[in-house]
Amino acid sequence: MHNIDIKDLYEEILTKKIKDEKSFFYFCSYVPVEIIHASSYKPVRFILDSMQFLHSDEVIPKYICPYLKTAVEFFIKNNLKEKNIIFTDGCDSSRRIFEVFKELNFTKKYFYLKIPFNENPQDVLFFKSELQKLFLLLNGKIDLEKLNESINLYNSGRKKLYQIFNNKSQNLKSSFKFYLNSLFQLMDIEDFINLDIDFTNQKNEIQNKFYLFSTVYPLNFIEYIESLGINIEYDDSCFGEKNLSLIELNKDDPLTSISEYYLKREGCVRKREIDKKLENLIQRYKNKNLKGVIIYNLKYCDPLIFFIPMIKEKLNEEKIPLLMIEDDFTMNIKGQIRTRIEAFLEMMI
Amino acid sequence: MNFNISKVKPVYLKKIFSKKFLYPLIYQVLLQILRPDDIGKVSIKFSLDLIKKNFSKNSKVIMVNVFTPTEIFFALNTFPILPEVASAVSANFSISDSALFESDDILFSKDSCSVHRNLIGLIKMGFLPTPNYVFTTDKPCHSAVHSFYLISKFYGGEYFVIDIPEEETEENLNYLSKKLEDTFIFLSKELKIKNPYKNLLNAINLSNETRKYMIEINELRKKKVLIDGRKFLGYLGMTFSALGSTYGRDFFKLLRDNLKKLYEQGFELPVKKKLYWLHLGPYFKTDFFDYLYKKGAYIVFEETSNVYWDEFDLKDPFKSIAKKLINFKIFSNLEERYKTTIKAINDYKVDGVIIFNQWGCRQGAGSSYLLRKKLIDYGIPCIIIDGDLVDESNFPKEQNKTRVEGFLEVIE
Ligand code: SF4
Ligand code: SF4
């Protein structure tokens, strides 16, 4: 499978998924795909390539999350209606986008998932009861056996991906790894587990390996920076590699297992455990012998805006080179990105 | 006398604030400078006592966001600081320009709510003391969840978030009320407060009393346009900060008395067009509102003045507070905002609606375009004013005046 092939495959499946009545879309990594799957729906993470905002500006202000805005733009442009979608209160933009989707009739079956910031036993219980409501809405009943099966399937998918990513001898191109991960979030899990992956021509030839920190970035970002001589060895974003940790399944109470997992895994910038997060970052950085950290700073993403000062301070302290690229998901500043990356690479030599 | 507090260095202010014996004098000086009315005097007294308590040696500084119930903190003999309110006040004293400038060094972005950027600058500059504890709810927005976390990491203070569920179910009420009570118990132990529950009942009583005056005020305002609603955007500071204290009770009682007197005297403002105002408004000095008055347009009611909660139950205070928090109707979702607006339109015979969009406020502005459309479909003229609560440079005053002019012409 060529780099181009995997990208084509991604686009082909996405087109099908958008039409599929059984698709259940989501935007946030706190959404438990296992419950969607156990309810005989197909979980699909909705992410698109960068695009210009031509229609969405009429329904939402400029300063709403551009990642979510691309979805609004796409729905309006393609006259999509009545899709199954799970929203979360992950951030303020995501809370309001939920209303926009509802109001514009973009939704058919939908759920608004409340995620607590706290992770104490009572919060795990609270989140569990939210998950229960979701399961009931989607499936009509709580089917623990089915849920156990789905958890095992997704764990297998995560394991497969983890092994590929961590197989040193393979040293894969970051764009290839990125599309593989995106496929994992898009395809039917059974198909992903059985996917025969061809690694020919996917070897990374770039010496400069970096750590990417972000919430969400457009699909073409990784390819673009790769073309400029940057290989992303570790993707620390909302849907990045850290999400490949496995669910510790208690077969008698899988809902608690899921609740614990999604609330307590390393997760994203929304988590209030910055020290642990920064510790993990530094450790990975050192273990992987990387050259620097790149932050894709998604404009108008509050959790990221307020997180950056802390990460910046830590990287300074550790004398780790940092390049911040601010973009609004449109990649309109490609020229600027090129100049900054060239300067950054020059500084490293 | 012309006195510009923005020219005074925070370190000198701190020195002055740490000397308790100076407070009576400061109070008299402020009365001379500001020449406040009766209710203004209460808020000055409130502010000075808040400063005295929080800037004195060995005091425990508690910061809370606008939705954290202040009753439980007054019950613990503390005087919680609301940095978001302080941020708005600082704009009124022209301090926000420098605070925003200072916060740019920390945040590297101007794309989030300026209220929160500003408050980070205020702490950095020393206008706000370093907290010992910071508490925030996850409503109305997540800005405080993030900015308070940054404060606790950069400047100190133990950090707590109170998660507010979406729906009022028995399970959710129990979850939240337990959280509130745990917070209360934790702090009463930390601060070594004896009899905290007895104090709590007192605070709850005061809060209930205040609520009663607030409702009476709203009822009086239904009858006649007795007061310019812009003032209520400022009084909101007291609603957020002083519930559960005698200051809150006295403030709203006096306000009720004043309005009642005006009503009895047959007074009414020269109103030609009645406006309902959603969200907050600019807190820096601006003649934008004078422009409205000149056109005979007055704010007759505001989203933030809605008293949407029931009286607290003294037998179950935490559960009643939880109920209030879950059912909040200001800065709420599209559906709730629409409903409360329609109710206000009918109750206050409103001719037009103004939605103020704060730059970077994803939660407030996110569905505002759709709200505007729904209101227009309902048959009420509605306009969105884009601007900023504390950053004057981000408030296109002239452009907004022109837009409002067109809007007022539409209202008949
Ligand atoms: S966390 Fe950031 S990237 Fe994710 S939805 Fe919210 S604003 Fe967008
Ligand atoms: S203006 Fe909006 S973002 Fe800012 S504090 Fe208020 S609700 Fe939060």
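1. A:Cys91 is buried in this predicted model, its relative accessible area being 18%, and because the limit for that class is under 20%, the assignment follows directly from the value. A:Cys91 is also one of the residues that surround ligand 1, so the accessibility should be read with the knowledge that protein chains only were counted as cover.

2. On the cysteines in general, a search over all chains returns zero disulfides. A:Cys268 illustrates the point, since the nearest cysteine sulfur, which belongs to A:Cys238, is 4.9 Å away, whereas a disulfide would require a pair of sulfur atoms within 2.5 Å. A:Cys268 is buried as well, with a relative accessible area of 9%.

3. The surroundings of ligand 1 are drawn from chain A and consist of A:Cys65, A:Leu68, A:Cys91, A:Thr215, A:Val216, A:Leu298, A:Cys301 and A:Pro303. Sorted by class, this shell holds seven nonpolar residues and one polar residue, with no charged residue; the cysteines are counted as nonpolar in this sorting, which a reader should keep in mind when weighing the figure of seven.

4. Ligand 2 is surrounded by residues of chain B, namely B:Cys113, B:His116, B:Cys141, B:Ser143, B:His279, B:Gln358, B:Cys361, B:Gln363 and B:Leu389. The division by class gives four nonpolar and five polar residues around ligand 2, and here again no charged residue is found. Histidine falls in the polar class under the scheme used, so the absence of charged residues from this shell rests partly on that convention.

5. Turning to charge pairing, the whole structure contains 57 salt bridges over all chains. In chain A, the side chains of A:Glu317 and A:Lys314 form one such bridge, with an N to O distance of 3.7 Å, which is accepted because the criterion is a separation within 4 Å. Both partners belong to helix α12 of chain A, which covers residues 302-317, and they stand three residues apart, or about one turn of the helix. A:Glu317 is exposed at 53% relative accessibility, while A:Lys314 is partly exposed at 24%.

6. Chain B offers a further pair within one helix, in which B:Lys178 and B:Asp182 form a salt bridge whose closest N and O atoms are 2.9 Å apart. These two residues are four residues apart in helix α9 of chain B, residues 170-190, a spacing of about one turn. Both members are partly exposed, B:Lys178 with a relative accessible area of 47% and B:Asp182 with 30%. Elsewhere, in chain A, salt bridges with shared partners link A:Asp236, A:Lys242, A:Glu266, A:Lys277 and A:Arg284 into one network.

7. A further salt bridge in chain B joins the side chains of B:Lys110 and B:Asp104, with 2.6 Å from N to O. B:Lys110 has a relative accessibility of 49% and therefore counts as partly exposed, since the exposed class begins over 50%.

8. A nonpolar patch on the surface of chain A is formed by A:Leu136, A:Ile142 and A:Leu144, which together have about 210 Å² of accessible area. Of these residues, A:Ile142 is placed in the loop between α5 (121-139) and α6 (144-165) of chain A, and it is partly exposed with a relative accessible area of 32%.

9. Some backbone details deserve inspection in the model. The peptide bond between B:Lys139 and B:Pro140 is cis, with omega about 0 degrees, and B:Pro140 sits in the loop between β2 (133-137) and α8 (143-154) of chain B. A:Asn289, although not a glycine, has a positive phi of about 55 degrees; this residue lies in the loop between α11 (274-287) and β7 (292-298) of chain A and is exposed, with a relative accessible area of 66%. B:Ser94 likewise has a positive phi, near 60 degrees, in a residue other than glycine, and it is located in the loop between α5 (83-92) and α6 (96-107) of chain B, where it counts as partly exposed at 39% relative accessibility.

10. Finally, A:Ala343 lies in helix α13 of chain A, residues 334-348, and is partly exposed with a relative accessible area of 43%. Its C-alpha is 9.9 Å from that of A:Leu323, a residue 20 residues apart from A:Ala343 in sequence.

Key: Residues numbered from 1 in each chain as written. Chains lettered and ligands numbered in written order. Predicted model: local features only at pLDDT ≥ 70, side-chain atom pairs only at ≥ 80, totals over all residues. Heavy atoms only, no water. Near = heavy atom within 4 Å. Buried < 20%, exposed > 50% of the residue type's maximum accessible area, 1.4 Å probe, protein only. Patch = residues over 30% accessible without salt bridge, like charges linked within 9 Å, V, L, I, M, F, W, Y side chains within 5 Å. Areas by Shrake-Rupley, 256 points an atom, 1.4 Å probe, with all protein chains shown as cover.
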